[in-house]
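Q: I would like to take a close look at a single part of this protein and follow it outward step by step. Please explain it carefully, as you would to a first-year student.

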Amino acid sequence: MKSDPATSAAPLRALGGALRSSEPVRAAPAPSAAALLLEEAADLLVVHLDFGAALRTCERAWQGLAEEPAGASLEVKCSLCIVGIQALAEMDRWREVLSWVLQYYQAPEKLPPKVLELCVLLYSKMQAPGAVADGIRAWLQDPDNQGLPEYRSLAELHLQRVLLPLGLLSEAEELVVGSAAFSEEQRLDALQAISAARQQQTHGHSGSEETRTLNQEDASSHKFLSLLTLLRQLWDSAVSHFFSLPFGKSLLAALLLCLLVLRFDPASPRSLPFLYKLTQIFQRIREAVSPPLCQLPIQH
């Protein structure tokens, strides 16, 4: 039985047409220098655990990519960033990640979604989501990014890892209500999470206000008691010093005190009864303080 030539050639046409013996076999394109350096950097990172060398290799690859067209090797650029971010994190230099990435992309809204997602996860894990808040906000507001398939996942990530932990609840509501990235079910769940965060924030503020009020009251009571103690010490010292003075000096000090505090005129006739009573009081004090004659020692 002979096979039909048209039937036997059908699978080849399905793969792109019949093969011709006269066509040369196309060899796969040789990897670029940046791609080779990317492989080297990944090997240094994963196998040799030489994080500094991996970072330097990524930077060398970026220098080579600067000479290529802007749209070339997008995947290589993204992969270089991922390797570099991992190397910086392993060396505990995670604070430099965003600035290191931006030196190659110039603006946050130009970052690849994978790179931006990795930055947000890293800073969120290190309890510093505020460092990347402006970057992801600019990325989400850029019209060129709103049609990307990764837009929804990055909007959710911005809500859960940045806005809610920072307490930016009004901005979170604007994002959820005004963005078409959320489905109706996701929008309801997000609004419930925002409402719960707002209640927790309100209770936290009220508790902190009560604690602050109690602390202020305790501090005021402590200051008042300290002031009373100081006044008592000053009063005791003044009384001791006052009674140690001769009678004439004590009377003169009392008169001067009245002049300063009560602001009355000693020469006024209305002041004479007060001065008379003051003299009697000091006379009684003097008699009470002075020892009786019977108690005086007898000199032979």
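Q: Is Asp134 buried or exposed, and with which side chain does Asp134 form a salt bridge?

A: This is a predicted model, and what follows describes that model. Asp134 is exposed, with a relative accessible area of 56%, which is over the 50% that the word exposed requires. The partner of Asp134 in a salt bridge is Arg137, and the closest nitrogen and oxygen atoms of the two are 2.6 Å apart. Side chains of opposite charge can pair when their charged atoms come close. Both residues belong to helix α8, which covers residues 130-141, and because they are 3 residues apart there, about one helical turn separates Arg137 from Asp134.

Arg137 also takes part in a second salt bridge, this time with the side chain of Glu171, at 2.5 Å from N to O. This pair links distant parts of the chain, since Arg137 sits in helix α8 while Glu171 sits in helix α10, made of residues 169-178, and their positions lie 34 residues apart in the count along the chain. Glu171 is partly exposed, its relative accessible area being 24%. Taken together, Asp134, Arg137 and Glu171 are linked in a network of salt bridges.

The structure holds 5 salt bridges, and another of them can be set beside this network. Glu184 pairs with Arg187, with 3.4 Å between the closest N and O atoms. Here, too, there is a helix to consider: Glu184 and Arg187 both lie in helix α11, which covers residues 184-244, and they are 3 residues apart, about one turn of the helix. The two partners fall into separate classes of accessibility, as Glu184 is exposed at 52% relative accessible area, whereas Arg187 is buried at 16%.

From Glu171 we can turn to its surroundings, beginning with His158. This histidine is placed in helix α9, residues 151-166, and it is buried, with a relative accessible area of 2%. Leaving out residues up to four places away in sequence, His158 touches Ala133, Ile136, Leu140, Leu163, Glu171 and Leu175. Glu171, the partner of Arg137 in a salt bridge, is thus one of the residues that His158 touches.

Helix α10, where Glu171 is found, is also the place of Leu169. Leu169 counts as buried, with 4% relative accessibility. When residues up to four places away in sequence are not counted, Leu169 touches Leu164, Ile194, Ala197, Arg198 and Gln201. For one of these, Ile194, the separation can be given in two ways: Leu169 and Ile194 are 25 residues apart in sequence, while their C-alpha atoms are 6.3 Å apart in space.

Leu191 lies in helix α11, the helix that also holds Glu184 and Arg187. With 30% relative accessibility, Leu191 counts as partly exposed. Leu191 is in contact with Val176 and Val177, if its neighbours within four places in sequence are left aside. Between the C-alpha atoms of Leu191 and Leu169 there are 9.8 Å, and along the chain these residues are 22 places apart.

Returning to helix α8, we can ask how it packs with another helix. Two packed helices are described by the angle between their axes and the distance between the axes. Helix α7, residues 113-125, packs with α8 at an angle of about 150°, with 10 Å between the axes. The two helices are therefore roughly antiparallel to each other, a description that applies to angles over 145 degrees. Their crossing is left-handed. On the side of α7 the contact is made by Pro113, Leu116, Cys119, Val120 and Tyr123, and on the side of α8 by Ala131, Val132, Ile136 and Trp139. Ile136 has already appeared above, among the residues that His158 touches.

Cys119, which belongs to the contact between α7 and α8, leads to a last topic, the cysteines. Cys119 counts as buried, at 0% relative accessibility. The cysteine sulfur closest to that of Cys119 belongs to Cys81 and is 8.1 Å away, which is too far for a bond, because a disulfide requires two cysteine sulfur atoms within 2.5 Å. A search of the whole structure accordingly finds 0 disulfides. Cys58 is likewise in no disulfide, and the nearest cysteine sulfur, that of Cys81, is 8.4 Å away. Cys58 counts as buried as well, at 0% relative accessibility.

Definitions and conventions:
Residues numbered from 1 in each chain as written. Predicted model: local features only at pLDDT ≥ 70, side-chain atom pairs only at ≥ 80, totals over all residues. Heavy atoms only, no water. Buried < 20%, exposed > 50% of the residue type's maximum accessible area, 1.4 Å probe, protein only. Salt bridge = Lys/Arg side-chain N within 4 Å of Asp/Glu carboxyl O. Helix = DSSP H or I, 4+ residues; strand = E, 2+ residues; numbered from the N terminus. Contact = heavy atoms within 4.5 Å. Axes fitted to C-alpha atoms, helices over the stretch in contact; angles between N-to-C directions. Parallel < 35°, antiparallel > 145°, perpendicular 65-115°, else oblique. Left-handed = near helix turned anticlockwise from the far one by under 90°.
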